[in-house]
Amino acid sequence: MRRTAFRTILLVMFPVIAVAGDAMWAYISAAVSVACSTIAAGAAVGLVGSAAMGAIGEKPEISGKAIVFLGLAEGIAIYGLIIAILILGKVG
């Protein structure tokens with residue numbers, strides 16, 4: 001039910017999807033996975049980075065911890081890439 005509603009919405013927005021097979025859905029899913037995770041990582045790095053720079057300005061000795069938190073925020077993009085690789089591995 002939910003999948004059909006989602007496909008209907010996509011068909012209205014992008015009619016080319018009507019001819020898409022299962023492999024095409026896998027490619028679209030992989031692309032959406034990478035795109036969303038990259039956008040989320042960018043937003044997270046922006047927020048964490050600005051907060052970290054403010055904190056480093058007040059206490060310079062915590063710069064090492066700030067870099068760790070920035071690395072964790074960038075990990076979101078890596079998770080999306082891993083999911084895309086797993087999806088594409090199932091396609092063949």
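This report describes three helices of a predicted model, with attention to their lengths, their buried residues and a few individual positions.

**Helix α2**

Helix α2 covers residues 22-58. Its 37 residues reach 54 Å from the first C-alpha to the last, close to the 54 Å expected at 1.5 Å a residue. The buried residues of α2 are Trp25, Ala26, Ala30, Ser33, Ser37, Ala41, Ala44, Gly49 and Ala52. The elements that cover these buried residues include α1 and α3.

Two serines of α2 may be considered individually. Ser33 counts as buried because its relative accessibility is 15%, below the 20% limit for that class. Leaving aside neighbours within four places in sequence, Ser33 is in contact with Gly80, Ile83 and Ala84. Of these partners, Gly80 and Ala84 are listed among the buried residues of α3. Ser29 also lies in helix α2, but at 34% relative accessibility this residue counts as partly exposed. The C-alpha atoms of Ser29 and Ile83 are separated by 9.5 Å, although the two residues are 54 residues apart along the chain.

**Helix α3**

Helix α3 comprises residues 63-91. At 1.5 Å a residue, its 29 residues should span 42 Å, and the end C-alpha atoms are 43 Å apart, which agrees. The helix nevertheless contains a kink of about 25°, centred on Ile76. Buried positions in α3 are Ala66, Ala73, Gly75, Gly80 and Ala84, and the buried residues of this helix pack against α2.

Ala66 has its place in α3. With a relative accessibility of 7%, Ala66 is classed as buried. Apart from neighbours within four places in sequence, Ala66 is in contact with Ala52 and Ile56. Ala52 is itself one of the buried residues of α2. A separation of 8.8 Å is found between the C-alpha atoms of Ala66 and Ala51, which are 15 residues apart along the chain.

**Helix α1 and a nonpolar surface patch**

Helix α1 runs over residues 2-13, and Met13 has its place there. Met13 is exposed, since its relative accessible area is 52% and the exposed class begins over 50%. Together with Ile9, Val12 and Phe14, Met13 makes a nonpolar surface patch of about 430 Å². Helix α1 is also included in what covers the buried residues of α2.

**Accessibility of selected residues**

The table gathers the accessibility values for the individual positions discussed above.

| Residue | Relative accessibility | Class |
|---|---|---|
| Ala66 | 7% | buried |
| Ser33 | 15% | buried |
| Ser29 | 34% | partly exposed |
| Met13 | 52% | exposed |

**Packing between α2 and α3**

The packing of the buried residues of α3 against α2 can be followed at two places. At one, Ser33 is in contact with Gly80, Ile83 and Ala84; at the other, Ala66 is in contact with Ala52 and Ile56.

Terms used
Residues numbered from 1 in each chain as written. Predicted model: local features only at pLDDT ≥ 70, side-chain atom pairs only at ≥ 80, totals over all residues. Heavy atoms only, no water. Helix = DSSP H or I, 4+ residues; strand = E, 2+ residues; numbered from the N terminus. Buried < 20%, exposed > 50% of the residue type's maximum accessible area, 1.4 Å probe, protein only. Contact = heavy atoms within 4.5 Å. Patch = residues over 30% accessible without salt bridge, like charges linked within 9 Å, V, L, I, M, F, W, Y side chains within 5 Å. Areas by Shrake-Rupley, 256 points an atom, 1.4 Å probe, with all protein chains shown as cover. Salt bridge = Lys/Arg side-chain N within 4 Å of Asp/Glu carboxyl O. Expected span 1.5 Å × (residues − 1). Bend = angle between axes of the 7 residues up to and from the residue.
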